[in-house]
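Trainee: I would like to go through this complex with you, one chain at a time. Could we begin with the overall layout and then turn to the details?

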Amino acid sequence: MIDFHTIPSSHDAAKASVHKKGTIEHVWDVLRSVPDPEVPVLSVVDLGVVRTVQLKGQEKVSVDVTPTYSGCPATALINASISVALEAVGYVPEIHTVLSPAWTSDWMSEQGREKLREYGIAPPSPCGTRGADLPMTCPHCGSSKTKVVSEFGSTACKALFKCESCLEPFEYFKCI
Amino acid sequence: MGNVEYSQDARKALTGYVLGLADDCLVLGQRVAEWLGHAPAMELDIACSNLSLDLIGQAQFYYEYAGELENAGRSADDLAFMRDEHEYRNHLLVEQLNGDFGKTIVRHYLFSQFSLLRSNGLAKSNDPKIAAIAQKSVRELEYHVKFSADWVRRLALGTEEGHSRIQTAIDDLWSFTSELFNDVEQESALFSAGLAVAPSMFEEEWCSQVNSLFAEAGIKIPEHATLITKGRMAGHHTEHLGHLLAEMQFLQRAYPGLAW
C-alpha cells in the first residue's frame, strides 16, 4: 500500500499557477508541482514520465505515465502522487500506464538536468552513448578525473562514481 | 495499443510462451535477490538488488499480459505464487543455485546475453504488448550484460583464485546452456507468425559473444553441452526450483490473497 503521509499535501506551485483552472496549462502546472519520490528535486514532468495529458471538459483529466525502469518501486507512488495532486485542486484524474515507446533518459528536461547537477547527481549523457565509457564530470567540483565504482547505485536509475580530484563519491543518473 | 485478436489455439500457445518469459525473469530475479545482505561488498549487494528489481519488473509485465491472454481471471501474483514446480516454464539455467559470487556472475552473464538477444528479437514482435515489454527490457539488459561481463573479466583476470572459480562455474553451468536454443515444437506456430523469436536464430550471435568474452578472460569453455532431462516444456526441473518456490511462495500459500 502507498503511505500517503509521504506525499506532499500542499502543492504551492499549483496554487501559484498563473493559469486558470480548467485549462490544460493549469493541469501541467499541477503536474510540475509533483516531485519524483526518489529524487525529489525533479518533478515528474522534469523526469519525462508524463507522456500525454488530456482534459475532458472542466474536470476530467487523463494522464499517460510511463515507468522509468520495469521494476522501479516508485512507479506506484508516482501515479498516486499525480492523482492526489490533481484531486487536491478539484480535478478527477485517470492515470494510465503506457509502456511504449519505452522511457529514455533523453526525455529528462534541460531544467531537470540542471536541478540534478545542483543536487549533486551527474545528469544522464545522451542515450546514444549507452555502453560507452564516457568521461564523467564531478557534479561537486567539475573535475573530469572520475571513476566508476559500480554500474548500480541507490536506485535502479543511478550508477556510483568517485571523484579523484575532490575525493567525493557521487551518483550518476544513467542514460537508458 | 490495440489488443490483437487470436484464435483459441494461438492464444493458448502465446499464453504459454509469455509465461515462459515471465518465469525466466522471476526465477532469476528471486535467485539474485538471495544475495541481499550477503554479497561480497556493499556495492555488489546494491547491484544485485537492482538486477533483481529489473527482472521482477519485467516478470510482472509479462505475467500481467499472460493473465490477460489466458482470460481466466488470474492476476500476475496468482501466476507467480500459485503455480507448482512442474507448471513453471523457466530455463533450468536460471534456477541453478547461486554458489559463490563467481558462479552467480557467470550464470547472470550467460542468461542476460541470451535474454538481451531474445528481447532484441521480441522488440519487433507482431504482438504489440510483447514488443513494448521487450523494448523496455533491452535497455535494462544492456546494463546487466555489461555488469556481469565486467565482473567475469575482473575475477578471471585478477587472481588465481578468481580464475579457478570462474572456470569451475562455467564447467558447472555449461550443460544448461543447450536448452536455451531448443526451438520447441509447441512454439513453432508463434515463430512463423512473427509473434515470438526462435532461439536458434540468435544462437550463433550468442556463441560468438560468449566465446569472445571467455577467451579474453582466459577461461576454457567445455566442449559439450548436453542436458539429460527433457527440460522445461515437459515440466522437468532440477531439484533446486522446488526449494526456491517453497521459499518464494510460502506467504501466499499460507495466507492466500494476503496483501501488504
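**Layout of the two chains**

Mentor: Read from the start of its sequence, chain A follows the pattern α-α-α-β-β-α-β-α-β-β-β-β. That comes to 5 helices and 7 strands. Please keep in mind that this is a predicted model.

Trainee: And what does chain B look like in terms of helices and strands?

Mentor: Chain B has 10 helices and 0 strands. Its elements therefore read α-α-α-α-α-α-α-α-α-α from the N terminus on.

Trainee: What are the scores of the model?

Mentor: The ipTM is 0.82 and the pTM is 0.91. For chain B, the pLDDT averages 95, and 99% of the residues score at least 70.

Trainee: Why do we look at pLDDT before reading details?

Mentor: Because predicted coordinates should not be read in detail where pLDDT is low.

Trainee: How does the radius of gyration of chain B compare with that of a compact globule?

Mentor: The two agree: a compact globule of 260 residues would have a radius of gyration near 18 Å, and chain B has 18 Å. Along the principal axes, the C-alpha atoms of chain B fill a box of roughly 55 × 45 × 35 Å.

Trainee: What share of each chain is buried?

Mentor: In chain B, 45% of the 260 residues are buried. In chain A, 40% of the 176 residues count as buried.

Trainee: And how much of the contact within each chain joins residues 24 or more positions apart?

Mentor: Taking contacts with a separation of 6 or more, the share is 74% in chain B. For chain A, 51% of the contacts between residues at least 6 apart join residues at least 24 apart.

Trainee: Let us move to the interface. How many residues does each chain bring to the contact?

Mentor: Chain B brings 23 residues and chain A brings 19 residues. On the chain B side, helix 2 (42-70) and helix 6 (128-158) each supply at least two residues. Helix 6 of chain B gives the most, with 11 residues.

Trainee: What is the chemical character of that side of chain B?

Mentor: The residues of chain B that touch chain A divide into 11 nonpolar, 5 polar and 7 charged.

Trainee: Staying with helix 2 of chain B, what can you say about B:Glu64?

Mentor: B:Glu64 is found in that helix. With 18 other C-beta atoms within 10 Å, B:Glu64 is partly exposed. B:Glu64 and B:Val18 are 46 residues apart in sequence, and their C-alpha atoms are 9.6 Å apart in space.

Trainee: Back to chain A. In what order do the strands of its open sheet of 3 strands run?

Mentor: The order is 1-2-3, with mixed pairing. Strand 1 (50-56) and strand 3 (92-97) of chain A stand at the edges, each with a single partner strand, so one side of each has no neighbour in the sheet. From one strand to the next, the twist averages 15 degrees.

Trainee: Is the pairing of strand 2 and strand 3 of chain A parallel or antiparallel?

Mentor: Strand 2 (residues 60-65) and strand 3 of chain A pair in the parallel sense, over 6 bridges. A:Lys60 stands opposite A:Val92 in strand 3 of chain A.

Trainee: Which helices lie across these strands?

Mentor: Helix 2 (residues 24-31) of chain A lies across strand 1 and strand 2 of chain A, at about 135 degrees to strand 1. Helix 4 (residues 75-88) of chain A lies across strand 2 and strand 3 of chain A, at about 160 degrees to strand 3.

Trainee: One last topic, the backbone. Where is there a cis peptide bond?

Mentor: The bond from A:Ser100 to A:Pro101 is cis, with omega near -5 degrees. A:Pro101 is found in the loop between strand 3 and helix 5 (110-119) of chain A.

Trainee: Which residues other than glycine have a positive phi?

Mentor: Among them are A:Leu167, with phi near 65 degrees, and B:Asn71, with phi near 60 degrees. A:Leu167 sits in the loop between strand 6 (158-163) and strand 7 (169-173) of chain A, while B:Asn71 sits in the loop between helix 2 and helix 3 (76-81) of chain B.

Trainee: Are these two buried or exposed?

Mentor: A:Leu167 counts as exposed, because 10 C-beta neighbours lie inside 10 Å. B:Asn71 has 9 such neighbours and also counts as exposed.

Trainee: Why single out these features?

Mentor: Because most residues other than glycine have a negative phi, and most peptide bonds are trans.

How values were computed
Residues are numbered from 1 along each chain as its sequence is written. Chains are lettered from A and ligands numbered from 1 in the order in which they are written. This is a predicted model: local features need pLDDT of at least 70, side-chain atom pairs count only at pLDDT 80 or more; totals for chains, interfaces and linings use all residues. pLDDT is the predictor's confidence in each residue, from 0 to 100. Two residues are in contact if their C-beta atoms, placed from the backbone, lie within 7 Å. Helices (H or I, at least four residues) and strands (E, at least two) are DSSP runs, numbered from the N terminus. Ala, Val, Leu, Ile, Met, Phe, Trp, Tyr, Cys and Pro count as nonpolar, Asp, Glu, Lys and Arg as charged, and the others, Gly among them, as polar. Two strands pair if DSSP finds at least two bridges between them. Axes are lines fitted to C-alpha atoms, for helices over the stretch in contact, and angles run from 0 to 180 degrees between N-to-C directions. A residue is buried if 20 or more other C-beta atoms lie within 10 Å of its own, exposed if 12 or fewer, and partly exposed in between; C-beta atoms are placed from the backbone. The radius of gyration is taken over C-alpha atoms; the globule rule is 2.2 Å times the number of residues to the power 0.38.
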